[in-house]
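Please walk me through the structure below, beginning with one of its helices and moving outward to the sheets and the aromatic pairs.

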Amino acid sequence: MGVPERLAERMTMAEQHEYLRARFSRRTMIRGGAVTLGAVAGGAFVPGATARAAAPTARTAPATASVDGALVAPFGRHLAYGTDPRTEMTVSWQVPVAVKKPFIRIGAHPTDLSREIDAEVRTLFTPAGVGASGNHTQYYVHARLSRLKPGRTYYYGVGHQGFDPAAPHLLGTLGTFTTAPAHKTPFTFTAFGDEGVSYHGLANNALLLGQNPAFHLHAGDIAYADPSGSGQTSDTGFDARIWDQFLAQTESVAKSVPWMPAYGNHDMEAWYSPNGYGGEEARWTLPDNGPDKQNLPGVYSFVHGNTAIISLDANDISFEIPANLGISGGTQTKWLEAQLKKYRASHDIDFIVVFFHHCAYCTSTSHASEGGVRQEWVPLFEKYTVDLVINGHNHQYERTDVIKGNKVTKKLPIGGTAYPETDGVVYVTAGAAGRSLYAFSAPLSYEGNEHDVESVASFVNVKGGKQNETVAWSRVRYLDYSFLRVDVTPAPKGRLATLTVRGIAETGDQVDHFTVARRAK
């Protein structure tokens, strides 16, 4: 992305951002002609400003000729829950060129879309030289919806001046979404990490949609516009246009299923902001309840039925890829403990699921385990008996036994049941959504092809490098494209509520299943 490798290796994400701004902003102003200050500084750090003010929102890029809005079709629709999924939803989309007066129509029936709400445009400009393309401008549009009714299905259409989705010939562009229920009811959600743009990603998405999930979790490394993933801008392969392809690829799911991402190492893009997330803030509108929106916009939580979901940013604590190491100054870990304490004390919440990118426990020959996660967060997962931890980063499927204190407390065979209140925590790596696959050092072992081993040679990334370890907790290892399906079944007070967790291959085959059980409150 334009920083010489000899410099990038020694720079933090913020230092690389300042380097790029100094190098390319003046060049952009000269080449682009009529460019506003907002376009040149789009996402630049402003002392004392909030991250949302510093992010490239509603700014003007290099001037383009006016286009008739009737000829411009929205694409790349993607939903996200608000802070309260029962009453809030954000609908986001793209347009290929600037449009006037973007809006969303919403109603309880496709023929009743009388409610019209203005939308916000966030313009993201990437100049030639920062990446692989020439000057490229992207227009992301967001409409925040509130005061919705719990458990209700709504119809919506997105448009702008000249393109009204309520017009008879455009009714085929309508989408639907369903808000979270007000009470405990059974539901399904899905999860994976590391998708990118590929035929395998398309295949996984098609199969995933058939699970009828209430929402989907993406555990980092989303589009791979930055293929290096090292948090360094020396990679000349950065291409912002990959995001256009990715959001078009996932639209079949994300237009009706809230797509909730956590940020991974490939999601740090130094040009847009000092923390690397300015581009992500243009593309996504996520729940606004995290500890540090200026530095960690991908950290948030939400509740669906009897289950609390927590998204974390492991770039903040990663020894392996330290570009953003320590960026929160410890506030993320403090916030995590406060959230876990609150949710575990709530009489309405039975299960707590945490997802983030870097793996707490994995035996991949590529990244294996992250020592920063084990040091900062694993003790909290155990203290508050987290029910399930979902990671990406390693491009394969792996599931542990039940772990506490870095040791196996209970073997969890395929089809087995874990009781977090007494046993410990189960960790699943589900990073085989679409990118090229990694490898294991031990034999594969999955449903229908079990091959138990006593121990596996692996390593953990610690401060200063890799530390070899021999582990006994690797229970299921599958090496092909796959995703995670989780069925949540509430129960009356005192009875066992369950999470039924399944690993589903791109072929549709089930490669793993187990149950997490807890007495309902």
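**Helix H8 and its surroundings**

Lys334, Lys341 and Ala345 are exposed, on the other side of helix H8 from its buried residues. The model is a predicted one. The buried residues of H8 are Gln332, Thr333, Trp335, Leu336, Gln339, Leu340, Tyr343 and Arg344. These buried residues lie on the same side of H8, because the arc they cover around the axis is only 155°. An α-helix has 3.6 residues a turn, so residues three or four places apart point the same way.

The length of H8 can be checked as well. The helix takes in residues 331-345, and at 1.5 Å a residue its 15 residues should span 21 Å. The C-alpha atoms at its ends are 21 Å apart, so the expected span and the model agree.

What lies over the buried residues of H8? The cover includes strand S12 (300-304), strand S13 (307-311), strand S14 (351-355) and strand S27 (510-519), together with helix H9 (371-376) and helix H10 (378-383).

**The seven-stranded sheet**

Three of these strands, S12, S13 and S14, belong to an open sheet of seven strands with the order S12-S13-S14-S16-S21-S17-S24 and mixed pairing. Its edges are formed by S12 and strand S24 (474-478), each of which pairs on one side only. From one strand to the next, the twist averages 15°. H8 packs on this sheet and touches S12, S13 and S14, and the direction of the helix makes about 175° with that of S13.

Toward the S24 edge, strand S17 (residues 397-400) is joined to S24 by four bridges, and the two run antiparallel. Within this pair, Arg399 stands opposite Val476 in S24.

**The four-stranded sheet**

A second open sheet has four strands in the order S4-S3-S7-S8, paired in the antiparallel sense. Strand S4 (115-118) and strand S8 (175-178) stand at its edges, and each has a single partner strand, so one side of each is left without a neighbour in the sheet. Neighbouring strands here are turned by 30° against each other on average, with direction ignored. Strands of a sheet pair through backbone hydrogen bonds, either parallel or antiparallel.

Strand S3 (residues 103-107) is mostly covered, with five of its five residues buried. Both of its faces are covered: Phe103, Arg105 and Gly107 are buried on one side, and Ile104 and Ile106 are buried on the other.

The pairing can be followed across the sheet strand by strand. S3 is joined to S4 by four bridges in an antiparallel arrangement, and Ile106 stands opposite Arg115 in S4. S3 also pairs with S7, in the antiparallel sense and over five bridges; the bridge partner of Gly107 in S7 is Tyr155. Strand S7 (residues 153-159) is in turn joined to S8 by four bridges, again running antiparallel, and Tyr156 stands opposite Gly175 in S8.

**Aromatic pairs**

How many aromatic pairs does a search of the whole structure find? The search finds 20. In one of them, the rings of Phe215 and Phe302 have centres 5.2 Å apart and planes at 85°, so this pair is edge-to-face. Phe215 lies in strand S10 (residues 215-219) and Phe302 in strand S12, so the pair ties together parts that are 87 residues apart in sequence. Buried means under 20% relative accessible area. Phe215, at 0% relative accessibility, therefore counts as buried, and Phe302 is buried with a relative accessible area of 1%.

Elsewhere, ring pairs link Phe356, Tyr361, Trp377, Phe381, Tyr427 and Trp473 into a cluster.

**A residue in helix H6, and the chain as a whole**

Gln245 has its place in helix H6 (residues 241-254). This glutamine is partly exposed, with a relative accessible area of 42%. The C-alpha atoms of Gln245 and Val197 are separated by 6.9 Å, while the two residues are 48 residues apart along the chain.

Taken as a whole, the chain has ten helices and 27 strands. It consists of 521 residues, of which 60% count as buried. Of the contacts in the chain with a separation of 6 or more, 72% are between residues 24 or more positions apart.

Notes:
Residues numbered from 1 in each chain as written. Predicted model: local features only at pLDDT ≥ 70, side-chain atom pairs only at ≥ 80, totals over all residues. Heavy atoms only, no water. Pairing = 2+ DSSP bridges. Axes fitted to C-alpha atoms, helices over the stretch in contact; angles between N-to-C directions. Expected span 1.5 Å × (residues − 1). Buried < 20%, exposed > 50% of the residue type's maximum accessible area, 1.4 Å probe, protein only. Arc of directions from axis to C-beta. Contact = heavy atoms within 4.5 Å. Phe/Tyr/Trp six-rings, centres within 6.5 Å; stacked < 30°, edge-to-face > 60°.
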